[in-house]
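Trainee: Got a minute to go through this model with me? I'd like to start with the overall picture.
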Amino acid sequence: MNIFKKIQPQTPRWKSSLALIITAAVLIEATSAIQYWFASNGIQKEVQHRAESELKVKSLEIQNVLTAVEVAVNNKAWWIEQQLAQPDTMWGITRKLLADNEIIVGSAIAFEPYYYPEKGRQYSPYSYKQGKTIESKQLGTEQYEYHEKEWYTAPLQSGHGHWSEPYYDEGGGEMMMSTYSIPIHDQTGKAVAIFTADVSLDWLSGVINAHHIYPSSYNLVISRKGQMMACPVESLVMRQTIQELTAKAEDTTVLHVNRQMMAGKSGQASVKDPKGKKNYVFYAPLDDGQTGWSMAVVCSDHEIYYGLRQVTFSLMLLMLAGLALMVFIIYRIARGARKLQDVNAEKERIGSELRIASNIQRGMLPKIFPPYPERNDVEIFGSLEPAKEVGGDLYDYFIRDEKLFFCIGDVSGKGVPASLVMAVTRSLFRTVAAHEAMPERIMASLNDAMAEMNETNMFVTLFVGVLDLPTGRLRYSNAGHDAPIIMASDVKLLPVEANIPVGVMTGWKFPTQETMIVPQNTIFLYTDGLTEAEDTNHNLFGEDRMLSVARNAQKENKQEPQAVIRQMTDAVHGFVGEAEQSDDLTMLAIQYTKPQLDVRLLRSITLTNNVEEVPQLAQFVEEVCEVVEFDPATTMSINLAIEEAVVNVMNYAYPKNKKGNICIEAQANDVRLKFTITDSGTPFDPTAKEEVDTTLKAEERPIGGLGIHLVRQLMDSINYERIDGKNILTLRKKLN
Amino acid sequence: MKTIITEQNGSYVAAFDGRIDTAASPAVEQDLKPMLEKNPKEIILDCTKLTYISSSGLRVFLSVLKNAKTWGGKVYLTGLNDDIRNIFSITGFINLFQFK
């Protein structure tokens, strides 16, 4: 049996759940990754857009200022060209420029050497703001030879406006400045002077860093030579070039960005700051095409993606939690399902094994009724209604040598163990009764065998009966079982001695009791499943109800076994009603139906225990056979059987050299011829001898046992009884 | 009951006449003794006139067979009527002997 077989821990169900979980995890993570990718892409575009518009806006703001300067200067340049003939008006022009433009803090008109011969080599009227007043002076001096300066040479060469590199005005306005200069042409178109406007760039930092696209992002502006013109750190402005600032940068991208910016290119890059943090740089030149300034917006990666990462991280956590929850739920469901499945399978298996056990149990019991259709001296009917749970009820019967051996029993407990003990009991009964005819000896053998192997302390209440069919003599022995009912003219319980069940103690005695069964009477046997059948209110069916059912059957002359059991079954079913059957309901009814026939022939002969008298016996048998008109062959076989039976008695019934009598009585009715061999020797049951094996080789054949074998083979029945100190052996042969 | 033993070329024929019942068996056994003492190669038990045999008679036959086997002699049965053959059959003796 594999009741305890373990379930494999990895069931396909769990595997599929695992696959489901993994798929879900992959899906969730993939979704999360895609979502992050799209979001970050979006954010990146957004950042780029914001940075570009920032660059554009700032650029426009700066350009507005610068263009205003350029326009103002260009307008004045026309006026200067008109006034070239009057050198002294130049002072006024510069002062007027300053007065009209707040942002312009200084202006000069520097002429070519000796343009006005009378004004010398460096005629250069120059006005500047000193506090709230405007001062004027000659710019070119011995120490300051302006013809070599960039602000002078660059526009002269290019022929159009030029913004100088920003510079710090030390000793003057103490501020960052840039100078816009344009050439002044005479009527011939020749450049004769450079007109300049010094512009304060103090406002630049304000404009540039007035507003940031991210709290920690910043903007910067550099000149075409890399001079820091505006940045968050005020102290760096005009003190360092971007090259100097980033000279130590490990990220070479920074240098590339620098070059790109100084070359007036626009673009974007991601760079690492000195702390190793990632930053994005968006850069573009100012659109005027003259200053060569470049602006950059720098934002930290952390800040840009902070929100997204925050959201993504939360989302991931949420998904992980969800996944964990899913895993947990699936695991619980799978485990629950598996447990349930296990339990169900286990139940199913046990249930089916119990059903099998129950079927085996019932299969062992005789179930073909009537069991002996060829016999007219006994009728038997049995029934076992099993309870839901297999029980240990049993009954059995068989006929051997004109004796009906029967038993009914109830094994203590229920279930498979009980049914196993029941099977053992029934098997022992068959084995022992095959060669024992006395109930006390059958019971004793059974008890000893059961008690010896009784490790589970299971007991059997058992009733064993041996009904001698020729005479109706019932010998029985009871081991704690309910007393059977004898349905005679008066219905009553068979008197049984109280005793312990079988299997309790080896060597225990179960005395034989004896009674005569009158033809047509019925023995009704049952287990406590009948008397202890309960109705829904837990009332017991009880002995009285049972007896009254039996009495009714008797009154109505319905004593046939099947009728009795049907009435009893109906009565108990009616009583129990809807209540569940708690125990096996087992019944066995035996009716003794021996017909009384007229005796046609009765002869007898008495011999001594001397085999020399066998010829006399042969003479007697032949005469009897002649009367009943047996043919010679039958006569010879009857002769042989009687001789063997009698010689057997002669040899064994009395001690050697002790004389004893053997009486042989022949009796015939219309149906059969019966020989009764009676002696008063020691108890000797020839039918208890084991059958000889007729297939053995000559060398292996034992000398004894042949005689009784021949008797069994040649006669229709052999029957032994010990009555009143006599051995009574009865042999029968049907008449033709 | 009579038992007649004849010898022909070292092979013996024991012919039984009458009934071998329990009472007669000891005499038959005695009658066969001289023949067995000669350890014959072949023994034919002639049952043509045998009308009856009991288990004690069968035991005598079995004894002859067991004896002959000790010196490698052969034992044959012959002339059994149906009733006697039936007895041999019932007891399984029919398988022990060879028939001629």
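Trainee: What share of the 736 residues in chain A is buried?
Mentor: Buried residues make up 36% of them. A residue is buried if 20 or more other C-beta atoms, placed from the backbone, lie within 10 Å of its own. Keep in mind that this is a predicted model: local features need pLDDT of at least 70, side-chain atom pairs count only at pLDDT 80 or more, and totals for chains, interfaces and linings use all residues. Residues are numbered from 1 along each chain as its sequence is written, with chains lettered from A and ligands numbered from 1 in written order.

Trainee: How many helices and strands in chain A?
Mentor: 15 helices and 27 strands. Both are DSSP runs numbered from the N terminus: helices are H or I with at least four residues, strands are E with at least two.

Trainee: Switching to the interface. How many residues does each chain put into the contact?
Mentor: Chain A gives 22 and chain B gives 17. Contact means C-beta atoms, placed from the backbone, within 7 Å.

Trainee: Which element of chain A gives the most to that side?
Mentor: Helix 14 of chain A, with six residues. Helix 13 (614-627), helix 14 (632-652) and helix 15 (706-714) of chain A are the elements that give two or more.

Trainee: And what's the class make-up of the chain A side?
Mentor: 12 nonpolar, five polar and five charged residues. Nonpolar is Ala, Val, Leu, Ile, Met, Phe, Trp, Tyr, Cys and Pro; charged is Asp, Glu, Lys and Arg; the others, Gly among them, are polar.

Trainee: At what angle do helix 14 and helix 15 of chain A cross?
Mentor: Roughly 140 degrees, with the axes coming within 8 Å. Axes are lines fitted to C-alpha atoms over the stretch in contact, and angles run from 0 to 180 degrees between N-to-C directions. That makes helix 14 of chain A oblique to helix 15 of chain A. Angles under 35 degrees count as roughly parallel, over 145 as roughly antiparallel, 65 to 115 as roughly perpendicular, and the rest as oblique.

Trainee: Which residues of the two helices meet?
Mentor: Among them are A:Leu640, A:Ala641 and A:Glu644 in helix 14 of chain A, and A:Ile708 and A:Val711 in helix 15 of chain A. By class, that contact has eight nonpolar, three polar and one charged residues.

Trainee: Now chain B. What angle do helix 1 and helix 2 of chain B pack at?
Mentor: About 15 degrees, with their axes 9 Å apart. That makes helix 1 of chain B roughly parallel to helix 2 of chain B.

Key
Buried ≥ 20, exposed ≤ 12 C-beta atoms within 10 Å, placed from the backbone.
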